[in-house]
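Before reading on, take a moment to look over the sequence and turn the model around on your screen. The paragraphs that follow lead from a few single residues to the strands and helices around them.

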Amino acid sequence: MRTYVTPEEHARIHRRRRRQALGLAMAVLICIGIFTVLGAGYRLVASLFDETEQMQEYEDKLEGLVLFDPLPFDGIENIDDLTLRQAAVWGCIYSIQETQGNFDNYAHDPVTEQLLLPAVDVDAYLARLVGPSFQLTHRSFDMDDMTIEFDEATQCYKIPITGGVGYYRADVVDLFKQDGKLHVTVGYIPMYAQGDLIGTMSDTPTKYMDYLFERTSGSWYLTGLTESATKPQEQAASSQANSVVMMEPDQLQEAILSGVDPDAVSSSSASSGQAASSPASSETPTGELARDGAASEETQTASSADASASQAA
């Protein structure tokens with residue numbers, strides 16, 4: 001028996017299929033939207049907690065100072081003048097090298113081929129580090145093995161051709177706020193120079209320092225330097241080793257054989273030693289009393305003998 005579909009039923013079936021297809025497409029789009037929103041939220045939260053970019057920014061700012069291992073100071077006006085000048089010039093040079101890759105855009109002395117570093121670039125570098133209100137009086141200065149000459153006519157520093165300077169490379173390991181100041185914990189990685197080459201002996205910092213920044217006009221500027229609570233691995237291991245209680249060899253061997261805690265044995269041994277010393281001290285007066293008693297008996301015996309001899313006489 002053949003079944004016939006009326007035009008109205010045929011149209012109703014097509015409308016239902018279209019609604020089903022539209023509902024499926026909307027469900028797929030909703031799922032895609034949900035996953036997109038979740039992914040964007042995850043990336044946003046991750047970016048809020050990721051300090052990699054900020055740590056790299058402070059490494060670039062502090063590179064010039066870390067190079068010359070400045071002494072702790074409170075207030076930028078109290079920093080050593082030579083250290084500040086070295087940091088300003090060489091920090092600016094390292095910053096140009098990091099951002100531009102070379103010094104092709106800078107003039108060179110036609111005779112000595114020395115780099116001519118404009119004073120305005122040094123001022124700009126210092127403004128980012130310590131704030132625009134700080135002004136450095138530009139002049140020539142001497143370093144360990146070179147002289148940095150300042151040309152008043154061109155207002156430029158003449159930088160000698162050298163493979164590199166400085167003692168340490170900066171490695172920012174932590175950022176935290178305390179007492180209204182931003183603490184930037186920097187690891188000092190030693191550098192070595194051999195001929196025209198300069199490099200690091202190891203990627204492990206040998207010490208840590210906290211650079212202190214204060215917020216002014218919406219920006220953080222350097223105001224101090226202090227020792228960090230973070231310590232190198234060698235110092236931490238040494239401190240832990242110094243906290244170990246030393247034991248006598250026979251006590252240690254006995255503890256190992258009996259399978260007990262050596263620290264407990266050390267404590268019990270110390271207590272036993274104190275207990276043993278206490279009876280020894282209490283026995284001394286007892287012995288003295290015994291000797292005094294024997295001496296008294298001898299005296300009494302001698303007196304009785306003398307009395308008997310007198311009566312016999």
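A residue is called buried when its relative accessible area is under 20%, exposed when that value is over 50%, and partly exposed in between. With this cut-off in hand, consider two cysteines in what is, it should be said at once, a predicted model. C156 has a relative accessibility of 11%, and therefore counts as buried, whereas C31, with a relative accessible area of 41%, is partly exposed. How many disulfides does a search of the whole structure find? The search finds 0.

It helps to set these residues within the whole protein. The protein has 313 residues, of which 29% count as buried, and it contains 7 helices and 10 strands. The area that the protein exposes comes to about 20,900 Å², and carbon and sulfur atoms supply 55% of that area. If one takes the contacts in the protein with a separation of 6 or more, residues 24 or more positions apart account for 54% of them.

We can now turn to one of the sheets. An open sheet is formed by 4 strands in the order 2-5-4-3, and the pairing in it is antiparallel. Its edge strands, each of which pairs on one side only, are strand 2, covering residues 115-118, and strand 3, covering residues 141-142. Strand 2 pairs with strand 5, which is made of residues 156-159, in the antiparallel sense and over 4 bridges. Two of the bridge partners can be followed on the model: L116 has K158 as its partner in strand 5, while L117 has Y157 as its partner in strand 5. Which residues of strand 2 are buried on each of its faces? On one side they are L115 and L117, and on the other they are L116 and P118, so that both faces of this strand are covered, as the buried state of all four shows.

A helix also belongs to this part of the picture. Strand 2, which pairs with strand 5 over 4 bridges, is touched by helix 4 (residues 119-130), which packs on the sheet and also touches strand 4 (147-151) and strand 5, and the direction of helix 4 makes about 55 degrees with that of strand 2.

Between strand 4 and strand 5 there is a loop, and Q155 lies in it. The backbone of Q155 deserves a careful look, since the background is that most residues other than glycine have a negative phi. Q155 is not a glycine, and yet it has a positive phi of about 55 degrees. With a relative accessibility of 36%, Q155 counts as partly exposed. Another residue of this kind is D69, which is not a glycine either and has a positive phi of about 50 degrees. D69 is placed in the loop between helix 2 (52-67) and strand 1 (73-74), and its relative accessible area of 26% makes it partly exposed.

Helix 2 leads on to another region of the model. E57 has its place in helix 2, where, with a relative accessible area of 42%, E57 is partly exposed. Although E57 and V172 are 115 residues apart along the chain, their C-alpha atoms are separated by 9.4 Å. V172 itself is found in strand 6, which covers residues 168-178, and it counts as buried because its relative accessibility is 4%. Leaving aside residues up to four places away in sequence, V172 touches M55, Y58, E59, V184, T185 and V186. One of these, V184, is 12 residues from V172 along the chain, and the C-alpha atoms of the two are separated by 6.9 Å.

Another residue touched by V172 is T185, which has its place in strand 7 (residues 181-194). Is T185 buried or exposed? Its relative accessibility is 1%, and T185 therefore counts as buried. When residues up to four places away in sequence are not counted, the residues that T185 touches include D171, V173, D174 and F176, together with Y208, M209, S228 and T230. D210 is also among the residues touched by T185, and a polar contact of 2.8 Å joins the side chains of T185 and D210.

Key: Residues numbered from 1 in each chain as written. Predicted model: local features only at pLDDT ≥ 70, side-chain atom pairs only at ≥ 80, totals over all residues. Heavy atoms only, no water. Buried < 20%, exposed > 50% of the residue type's maximum accessible area, 1.4 Å probe, protein only. Polar contact = N/O pair within 3.5 Å; in protein donor to acceptor, adjacent residues only side chain to side chain. Contact = heavy atoms within 4.5 Å. Disulfide = S-S within 2.5 Å. Pairing = 2+ DSSP bridges. Axes fitted to C-alpha atoms, helices over the stretch in contact; angles between N-to-C directions. Areas by Shrake-Rupley, 256 points an atom, 1.4 Å probe, with all protein chains shown as cover.
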